[in-house]
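Student: Could you show me how to read a helix, a core and an interface in a protein model?
Tutor: Sure, let's open one up and go through it together.

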Amino acid sequence: MTLVGENFIAPNREVEFVTYIIKEAERMFPNARQPILEGGKLSQYFPASLVPEGEPASWLWINDPEGAVTLEGYSYYVDAYVLRKSV
Amino acid sequence: MTRLFEIGAALGAEHAQDRERFRAHWDVHVRNSRRMILEGAGRVASPDSVTILGGGSAWNIPLEELARQFDHVSLIDIDADNLQKAISALPAECRAKVEIHVADVSGGLATDLVGRALEVVEMANSAEQAAGDLAPLFGGREFEAGGSIPNSDWNASYVISSCVSSQLTIFPEKAVMKAFNEKFGGELEDDFFLKNGSFRLRTDWVRRHGELLSSLVTDGGRVYWADTVAETPYLAEFGSEALSVVIDAVVRFLDQAYLKTLFTDAGKQVVTERFNQGLPGGRMSQAEQKRRYMRGRL
């Protein structure tokens with residue numbers, strides 16, 4: 001039992017806690033971040049007919065805090081874009 | 001197709017449970033997703049229709065706002081239960097604008113792959129033979145299916161795909177694992193798909209998904225495309241060195257935290273019990289001093 005994800009830590013503080021652990025793990029081990037997509041960026045997969053518009057966004061999604069603290073992964077970096085058809 | 005829908009429903013139910021359990025952890029993702037989707041919606045000059053691919057129960061989709069802004073909403077997923085939940089949560093005036101399609105959002109790729117893979121399992125005389133024939137199929141080396149052209153009802157001035165494309169290969173993998181297990185009574189190895197090139201297949205399908213999005217959006221329309229691009233912290237196989245780093249990080253965090261508000265009442269009880277377990281006798285060790293210090297702060 002890892003104490004996280006069990007309502008033993010105040011919810012907002014637990015998010016802060018898990019984020020801290022993830023950042024520390026990545027700081028000490030740069031290869032802690034494993035690509036899901038080759039190249040690690042969604043923009044590499046846009047077809048020529050779609051181009052980005054406005055500011056893209058990226059964020060960390062703590063999908064499973066237990067997986068994060070046991071170093072098994074399950075937290076994800078998300079890329080988000082609004083696209084329009086190229087002329 | 002049925003097998004794919006069964007897996008979709010099972011994974012959808014798991015996802016819904018995680019959403020409830022980890023609500024606070026998912027909050028950043030939900031808020032950012034909704035904000036970006038609405039930003040894209042605001043850029044659509046003629047908001048006549050929106051198509052949402054793989055939205056499930058729409059927990060990170062601002063469905064009500066979209067239904068108010070657009071004339072028609074198509075919500076498409078392989079998970080019928082969650083689609084129904086999404087609709088049920090809407091006010092009546094919005095519900096009438098939303099149409100659900102229980103369908104494969106990969107454009108037929110997943111359906112084709114599952115069909116071929118299930119045939120392999122069915123025809124194989126042994127687990128070894130099945131695994132041998134499945135390997136190239138899931139590595140993308142023998143899979144050149146073009147999928148099928150989606151229903152033209154999916155064409156829209158706004159097309160949304162949120163964290164779907166990189167997950168598309170998972171459903172066929174799970175469906176085949178289940179069929180394999182049912183027939184041979186043993187499971188494929190945990191890393192069977194990865195070892196056989198599933199990374200390449202996933203990459204290929206994400207590229208195809210981009211082309212599908214482009215084919216669905218009407219002239220002057222917009223696409224919202226978001227997906228997971230990396231997983232972290234992926235260190236379990238690094239063993240004790242990585243674990244030590246994390247334990248040090250935990251100690252540093254706790255050292256600086258105000259523990260009386262960090263833990264819930266249940267948490268304080270559990271932590272106190274752990275501190276009280278099995279402390280060695282004799283001279284007070286550094287670890288014991290730390291435990292007493294922490295216990296005092298609770």
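**Reading one helix and what surrounds it**

Tutor: Keep in mind that this model is predicted. Start with α8(B), where the buried residues are P172(B), E173(B), A175(B), V176(B), A179(B) and F180(B).

Student: Why are they on the same side of α8(B)?

Tutor: An α-helix has 3.6 residues a turn, so residues three or four places apart point the same way. Here the buried ones span an arc of only 165° around the axis, so they share one side of α8(B).

Student: What covers the buried residues of α8(B)?

Tutor: The cover includes α1, α6, α7, α9 and α10 of chain B. Right after α8(B) comes G185(B), with a positive phi near 70°.

Student: How do I read a core, and which residues have the most contacts inside the largest one?

Tutor: In soluble globular proteins, nonpolar side chains tend to be buried together. In this model the largest nonpolar core has 120 residues, and L134(B), Y158(B) and Y224(B) have the most contacts inside it. Beyond its neighbours within four places in sequence, L134(B) touches residues including V176(B) and F180(B), both of which are also buried residues of α8(B).

Student: And how do I read the area buried between chain B and chain A?

Tutor: The size of an interface is often given as the accessible area lost when the parts come together. For chain B and chain A that is about 6,200 Å², with carbon and sulfur atoms giving 66%. On the chain B side, H25(B), V229(B) and T232(B) lose the most area, together 12% of what that side buries.

Student: How many salt bridges are there between chain B and chain A?

Tutor: The count is 5. R222(B) and E53(A) meet in a salt bridge through their side chains, at 2.5 Å from N to O.

Notes. Residues are numbered from 1 along each chain as its sequence is written. Chains are lettered from A and ligands numbered from 1 in the order in which they are written. This is a predicted model: local features need pLDDT of at least 70, side-chain atom pairs count only at pLDDT 80 or more; totals for chains, interfaces and linings use all residues. Side-chain values use heavy atoms; hydrogens and water are left out. Buried means under 20% relative accessible area, exposed over 50%, partly exposed in between (1.4 Å probe, protein chains only). Helices (H or I, at least four residues) and strands (E, at least two) are DSSP runs, numbered from the N terminus. The arc is that of the directions from the helix axis to the C-beta atoms. Contact means heavy atoms within 4.5 Å. A nonpolar core is a set of buried Ala, Val, Leu, Ile, Met, Phe, Trp, Tyr and Cys residues joined through side-chain atoms within 4.5 Å. Buried area is the accessible area (1.4 Å probe) that two parts lose on being put together, summed over both. A salt bridge is a side-chain nitrogen of Lys or Arg within 4 Å of a carboxyl oxygen of Asp or Glu.
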